Amino acid sequence: QSAGAKLYGRHFLFIVAKTSSETGRVGITVTKRVGGAVVRNRIRRWVREWLRTHQWIPRGHDVVVIAKQSAASLCGRDAVGADLQKLVGQLT
C-alpha cells in the first residue's frame, strides 16, 4: 500500500499500484472504525455489487478500496456507486 498512488473520494479511498501481470485485482477494506459488523458487511456487499455490475477491474493494476468513516452514513448502493464512479473517473 505504501508504493501506490492514492485517490481520495468523499467516502472511499483508492490505493492504486501497477503490477507486472495482465490481470487486475481489487481488495476491499472496511475497518472497525466505520461501524459494527453489520455496517461493515453491508458496505462490502455494496462495493462488490457495484464492481460486479460495472465489470470494473483495472488491467495491470492492483486497487485497494478503503472505506472511510463517513461511508457508514451512506443510504444505499446508489450513493456508494456515485462515489466509486468519481474515483474510477480520476483513475482513468
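## Order of elements and overall dimensions

Read from the N terminus, the protein chain of this predicted model follows the order β-β-β-α-β-α, which amounts to two helices and four strands. The radius of gyration of the protein chain is 13 Å, close to the 12 Å that the globule rule gives for 92 residues, so the chain is as compact as a globular protein of that length. Along its principal axes, the C-alpha trace of the protein chain spans about 35 × 25 × 20 Å.

Where contacts in the protein chain join residues at least 6 apart in sequence, 80% of them link residues that are at least 24 apart.

## Surface and charge

Of the 92 residues in the protein chain, 38% count as buried. The area that the protein chain exposes comes to about 5,800 Å², and carbon and sulfur atoms supply 50% of that area. The protein chain carries 16 positive and 5 negative side chains, and the centres of these two sets lie 9 Å apart.

## The nonpolar core

In soluble globular proteins, nonpolar side chains tend to be buried together. In the present model the largest nonpolar core has 21 residues, and those with the most contacts inside this core are Phe 12, Phe 14, Ile 43, Val 47 and Leu 84. At least two residues of this core come from each of β2 (12–18), α1 (37–54), β4 (61–67) and α2 (77–91), and α1 gives the most, with five residues.

Leu 84, one of the residues with the most contacts inside the core, is in contact with Phe 12, Phe 14, Val 47, Trp 50 and Val 65, when its neighbours within four places in sequence are left aside.

## Strand β1 and the loop before α1

Ala 5 belongs to strand β1, which covers residues 5–8. With a relative accessibility of 46%, Ala 5 counts as partly exposed, because this value falls between the 20% limit for buried and the 50% limit for exposed residues. If residues up to four places away in sequence are not counted, Ala 5 touches Phe 14, Ile 15 and Val 16. Ala 5 and Thr 53 are 48 residues apart in sequence, and their C-alpha atoms are 25 Å apart in space.

Thr 31 sits in the loop between β3 (25–29) and α1, and its relative accessibility of 35% places Thr 31 in the partly exposed class. Along the chain, Thr 31 and Ile 66 are 35 residues apart, while a distance of 8.3 Å separates their C-alpha atoms.

## Positions in the two helices

Ala 37 lies in helix α1 and is partly exposed, with a relative accessible area of 43%. Between Ala 37 and Ala 82, which are 45 residues apart in sequence, the distance from C-alpha to C-alpha is 23 Å.

Gln 85 is found in helix α2, where its relative accessible area of 40% makes Gln 85 partly exposed. Leaving aside neighbours within four places in sequence, Gln 85 is in contact with Trp 50 and His 54. Although Gln 85 and His 54 are 31 residues apart in sequence, their C-alpha atoms are 9.5 Å apart in space. Trp 50 is also among the residues in contact with Leu 84.

Key: Residues are numbered from 1 along each chain as its sequence is written. This is a predicted model: local features need pLDDT of at least 70, side-chain atom pairs count only at pLDDT 80 or more; totals for chains, interfaces and linings use all residues. Side-chain values use heavy atoms; hydrogens and water are left out. The radius of gyration is taken over C-alpha atoms; the globule rule is 2.2 Å times the number of residues to the power 0.38. Buried means under 20% relative accessible area, exposed over 50%, partly exposed in between (1.4 Å probe, protein chains only). Contact means heavy atoms within 4.5 Å. Accessible areas come from the Shrake-Rupley method with a 1.4 Å probe; for residues, only the protein chains shown count as cover. Lys and Arg count as positive and Asp and Glu as negative; His and the chain ends are not counted. The place of a charge is taken as NZ of Lys, CZ of Arg, CG of Asp or CD of Glu. A nonpolar core is a set of buried Ala, Val, Leu, Ile, Met, Phe, Trp, Tyr and Cys residues joined through side-chain atoms within 4.5 Å.
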